[in-house]
Amino acid sequence: MTFKYGDAVQQARVRPGMTVGELVNELGKAGAYNGGSLWQAVNIYERMLRDDEALKFFGLSGAMVPGGMGGIVADLIRRGHIDILVSTGANLTHDVIEAIGCHHYHGTADVSDTELCEEGVNRIYDIFLPNEAFIRFEEFLQETYSSIPEGSTISITDLLRLIGSRLKTGILAEAAKAGVPVYCPAIQDSMIGLQYWLFSQTHKVTVSAFADMPGLLDRCFEAKRAGAILVGGGVPKNYILQSKLMTESGFDYAVQLTGDRPDLGGLSGATLDEARSWGKLTREATAVTVYGDATITLPLLVAATLERLEG
C-alpha cells in the first residue's frame, strides 16, 4: 500500500507580543488536533465573511451570555457579520438581564447548592446570578409586553425586536438597531417564555411561532450561498441547518464549536459531515468542527478572523 503524505508538521513557535491571528497561524503550521481545526475554522469564516452573496447565520446555544460571550455576538451584529441569529431563549434572557443593568457574578462550582437556593442565588457552573435580577427582569418584560395592542398576533422575531428596541446594549438591542432578525424557536423554554405565559393570563395577545417561517425561508430561497457559525448545538443548530432543506442547495460554509461527542448520536455532537447526508451542506461545502470550550474557541475564532479582515 502506498501512503500519501500531506505537508510536514511544523513545530509551533510562540513569542511575546504576538497577535491572536499570528498564534492561530502557528497552530495551522502544526496543523494537528483541534488547534489545526481552529486554523481551518478561521480560514472558512474569513471566506464566508468576504463572500458578499452569502447569507450569514449564527447559532447560539449553551450558557454563553452568562459566560461573558454575549458582547462578542453583539459586536458581530454591529459589524454586519450576522444576517440571521438563532438563539436559545436562555441566552436571550441573560442578555436582557445584563442590558437592564443586572450582572452575573464570578462564583465557584465547589459550593452547597442547597445553601445557594436558600440565599436566593442561582448557579451556572462557576457563575452566580441573584434572584433580584429576575425580579427586575419580570418588571421590564411585563411592561414591554403590555405595550402590545390587545387582540393582536405577533411573531417571535417581532416580539424579540420589540424587546430589543427598549434596550440600549446587548444582543437584542444591536439586532433591533441593525434590523437583524433573531429567531428563538423554543422561546417557551426560557424565562422570556414563562413571562409571556404570565402576561397571557390577563391579556389577549397571540405569539405565533409559524409566523417566522415565511420570512426565514424567503431569505434562504433568495440567497445564492449561505454560511453558518454554530456555537453549541440543540435547537438553534437544527433550526439553522434545516432552513436550507427546502431549497435546492445546502450551506456552503459551516463552522461548529462544540464540546460534545459525535458517537452518542446527539445533534449537538453530530459532525458537519453527517449533515451532508441530509443535504444540509452542499457536496462542495467547506466545513469544520472545533472541539473544546466555546468560551475559548469563539473569542479566538473571531479575533483571528477580524484581524485578517481589518488588519
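The exercises below work through the sheet, the cores, the cysteines and a few single residues of a predicted model.

Residues are numbered from 1 along each chain as its sequence is written. In this predicted model, local features need pLDDT of at least 70 and side-chain atom pairs count only at pLDDT 80 or more, while totals for chains, interfaces and linings use all residues; side-chain values use heavy atoms, with hydrogens and water left out.

**Exercise 1. Give the strand order of the open sheet and find its edges.**

Step 1. Helices (H or I, at least four residues) and strands (E, at least two) are DSSP runs, numbered from the N terminus. Two strands pair if DSSP finds at least two bridges between them.

Step 2. The order of the six strands is β7-β2-β1-β9-β10-β11, with parallel pairing.

Step 3. β7 (182–183) and β11 (281–291) each have a single partner strand, so one side of each has no neighbour in the sheet.

Step 4. At the β11 end, seven bridges join this strand to β10 (residues 251–258) in the parallel sense. Tyr-253 stands opposite Thr-286 in β11.

**Exercise 2. Locate helix α13 relative to the strands.**

Step 1. Helix α13 (residues 294–310) lies across β1 (54–60), β9 (225–231), β10 and β11.

Step 2. Its direction is at about 140° to β10. Axes are lines fitted to C-alpha atoms, for helices over the stretch in contact (heavy atoms within 4.5 Å); angles run from 0 to 180 degrees between N-to-C directions.

Step 3. A further helix packs here: the buried residues of α1 pack against α2 and α13. In α1 (residues 20–30), the buried residues include Gly-21 and Val-24, where buried means under 20% relative accessible area, exposed over 50% and partly exposed in between (1.4 Å probe, protein chains only). Just after α1, Gly-31 takes a positive phi of about 70°.

**Exercise 3. Which residues touch the most other members of the largest nonpolar core?**

Step 1. A nonpolar core is a set of buried Ala, Val, Leu, Ile, Met, Phe, Trp, Tyr and Cys residues joined through side-chain atoms within 4.5 Å.

Step 2. The largest core has 65 residues, and Phe-58, Leu-160 and Ile-163 touch the most other members. Helix α2 (residues 33–50) supplies the largest share, seven residues.

Step 3. A separate second core has 20 residues, among them Tyr-239 and Ala-285.

Step 4. Beyond four places in sequence, the residues that Ile-163 touches include Val-96, Phe-140 and Ile-192.

**Exercise 4. How many disulfides does the structure contain, and are Cys-102 and Cys-117 buried or exposed?**

Step 1. A disulfide is a pair of cysteine sulfur atoms within 2.5 Å. The search of the whole structure finds zero.

Step 2. For Cys-102, the nearest cysteine sulfur is that of Cys-117, 19 Å away.

Step 3. Cys-102 counts as buried because its relative accessibility is 7%. Cys-117, at 61%, counts as exposed.

**Exercise 5. Describe the surroundings of Asp-51 and Ser-165.**

Step 1. Asp-51 sits in the loop between α2 and β1 and, at 9% relative accessibility, counts as buried.

Step 2. A polar atom of the Asp-51 side chain lies 3.0 Å from the backbone nitrogen of Glu-53. Leaving aside neighbours within four places in sequence, Asp-51 is in contact with Lys-56, Arg-225 and Tyr-253.

Step 3. Ser-165 belongs to helix α7 (residues 156–165). A polar atom of its side chain lies 2.6 Å from the backbone oxygen of Leu-162.

Step 4. Lys-177 is twelve residues from Ser-165 along the chain, and their C-alpha atoms are separated by 7.3 Å.

Key:
A polar contact is a pair of N or O atoms within 3.5 Å; within protein, one must be able to donate a hydrogen and the other to accept it, and residues adjacent in sequence count only if both atoms are side-chain atoms.
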